[in-house]
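Dear colleague,

Please find below the structure that I am handing over to you. My notes on it follow.

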Amino acid sequence: MKKILFVASEGVPFIKTGGLADVVGSLPKYIDKQYFDVRVFLPKYACMKQEMKDKLTYVNHFYMDYSWQNMYVGIMEAVVDGIHYYFIDNESYFGGPKVYNDDPRYEIERYGYFCKAVLSALPLLDFRPDLIHCHDWQTGLIPVYLKERFQGNAFYRGIKTVITIHNLKFQGKWDVKTVREITGLSDYFFTPDKLEAYKDANLLKGGIVFADAVTTVSNTYAEEIKTPFYGEGLDGLLRARSRDLRGIVNGIDYEEFNPETDKYIVKNYNAMNFRKEKIKNKRALQEELGLKVDDRKMMIGLVSRLTDQKGLDLVAYIMDELCQDDIQLVVLGTGEERYENMFRHFDWKYGDKVSANIFYSDALSHKIYASCDAFLMPSLFEPCGLSQLMALRYGTVPIVRETGGLKDTVQPYNQYESTGTGFSFINYNAHEMLGAIRYAEQVYYDRKREWNKIVDRAMAADFSWKVSAGKYQEMYDWLIG
Ligand code: GLC
């Protein structure tokens with residue numbers, strides 16, 4: 001039995017701010033239990049739901065030198081849905097009201113502590129991983145610490161590491177001197193071939209340099225990040241590591257996202273009966289959100305973190321024009337204030353057409369996937385994207401920009417060949433996006449049978465974890481030997 005340890009800053013069902021948590025929460029379930037024992041390490045955040053905190057039990061604790069202090073490290077555990085989770089408990093670092101903070105220096109201190117604590121805790125568990133699978137910059141110091149202070153100890157020798165980049169935009173950067181003091185790493189590590197990048201210390205870079213393999217969450221993104229536009233300053237390093245870098249597209253949890261059994265939606269449906277049944281969800285949602293109740297209206301959904309990454313400046317630019325069309329738009333999410341206010345404004349201006357829901361709710365997100373006709377995702381960049389996969393699963397036709405995982409998972413509609421699962425545009429241009437939306441409107445209103453065939457193909461596409469989990473397994477096998 002090969003032992004794999006996931007380490008991440010968030011994971012469903014315990015704590016979630018974005019897609020990272022969905023992946024960390026679902027991928028382990030789909031790794032073959034006959035050959036692999038996959039466990040997951042997370043911080044124990046005070047802001048987790050009480051119901052989840054109640055599941056944790058105490059394992060052990062010790063004290064660890066870190067950042068000139070002697071710090072408490074508690075280890076806790078829980079088994080949920082057959083997956084074994086461990087937690088690092090430290091109230092001073094993880095006791096706040098939010099998962100992440102705005103102070104980058106403090107974030108580096110917290111997650112540096114987390115990395116060192118996870119490695120230090122391993123000998124106290126009856127689980128010695130053959131491979132540690134790290135996710136994003138918060139876990140970037142694990143491969144670094146492993147090569148440094150832990151390598152002298154026989155217990156750690158031979159443990160392999162993988163780092164998966166879910167979003168290259170976030171790297172954990174701060175000045176070298178401070179990071180050296182916080183982490184206790186020696187000068188040796190702060191050179192441009194290791195943790196230093198553009199005069200700063202960079203934790204993600206450390207992870208990429210020292211991990212045995214690097215993955216990201218789609219093929220297209222794996223290629224894109226080797227170019228300056230998408231490379232966020234690390235494209236040179238990623239080109240240099242391209243032999244050890246590969247893209248494995250994310251899946252979604254096909255049990256959690258299943259229109260046939262979904263508990264959140266008014267009317268369950270499937271690929272056979274969506275023509276009659278899906279619409280009942282639309283009616284219910286129009287009523288719930290105070291939109292005009294009308295079966296015929298094309299309803300477009302947008303569920304997203306409201307940040308620049310998601311292409312919302314394009315949406316802002318054409319909102320007035322779009323609202324002249326015969327459509328409804330339902331938005332769900334939180335993020336940058338200017339986007340929150342932009343959607344609130346248009347909700348006020350076009351009350352029966354636009355519904356802005358500036359919060360997050362699992363229930364409402366499922367209702368949107370089930371009720372809408374189309375789903376808009378015009379991202380500037382998108383490592384993988386999960387919402388378009390959820391939309392496909394619910395027969396809600398994605399309208400996307402051709403970048404990253406969106407390009408790999410949504411096949412553009414071709415009216416001559418009758419192929420495709422969605423609509424797409426290439427350039428980051430608001431009117432190109434509007435063109436794609438209007439093309440979708442045209443098919444929806446004037447060629448309903450064609451539209452329904454797009455829905456057929458969307459619902460037949462398979463983005464469960466089956467194929468991708470197999471690829472991770474191959475990689476684990478290859479690394480562990
Ligand atoms: C990040 C990326 C998103 C990806 C997710 C999970 O949130 O922005 O594209 O799907 O991580 O890998």
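Lys278 is buried (under 20% relative accessible area with a 1.4 Å probe, protein chains only), yet it has no salt bridge (a side-chain nitrogen of Lys or Arg within 4 Å of a carboxyl oxygen of Asp or Glu). The nearest side chain of opposite charge belongs to Asp373, 5.8 Å away; Lys and Arg count as positive, Asp and Glu as negative, while His and the chain ends are not counted.

This is a predicted model, in which local features need pLDDT of at least 70 and side-chain atom pairs count only at pLDDT 80 or more, whereas totals for chains, interfaces and linings use all residues. Residues are numbered from 1 along each chain as its sequence is written, and side-chain values use heavy atoms, with hydrogens and water left out.

Lys278 belongs to helix α11 (residues 274-289); helices are DSSP runs of H or I with at least four residues, strands are runs of E with at least two, and both are numbered from the N terminus.

What does the side chain of Lys278 meet in Thr396? It makes a polar contact with the side chain of Thr396 at 2.9 Å, that is, a pair of N or O atoms within 3.5 Å, one able to donate a hydrogen and the other to accept it within protein, where residues adjacent in sequence count only if both atoms are side-chain atoms. A polar atom of the Lys278 side chain also lies 2.6 Å from the backbone oxygen of Cys372. Beyond four places in sequence, Lys278 is in contact (heavy atoms within 4.5 Å) with residues including Tyr269, Tyr369 and Tyr394.

Yours sincerely

Methods
Buried < 20%, exposed > 50% of the residue type's maximum accessible area, 1.4 Å probe, protein only.
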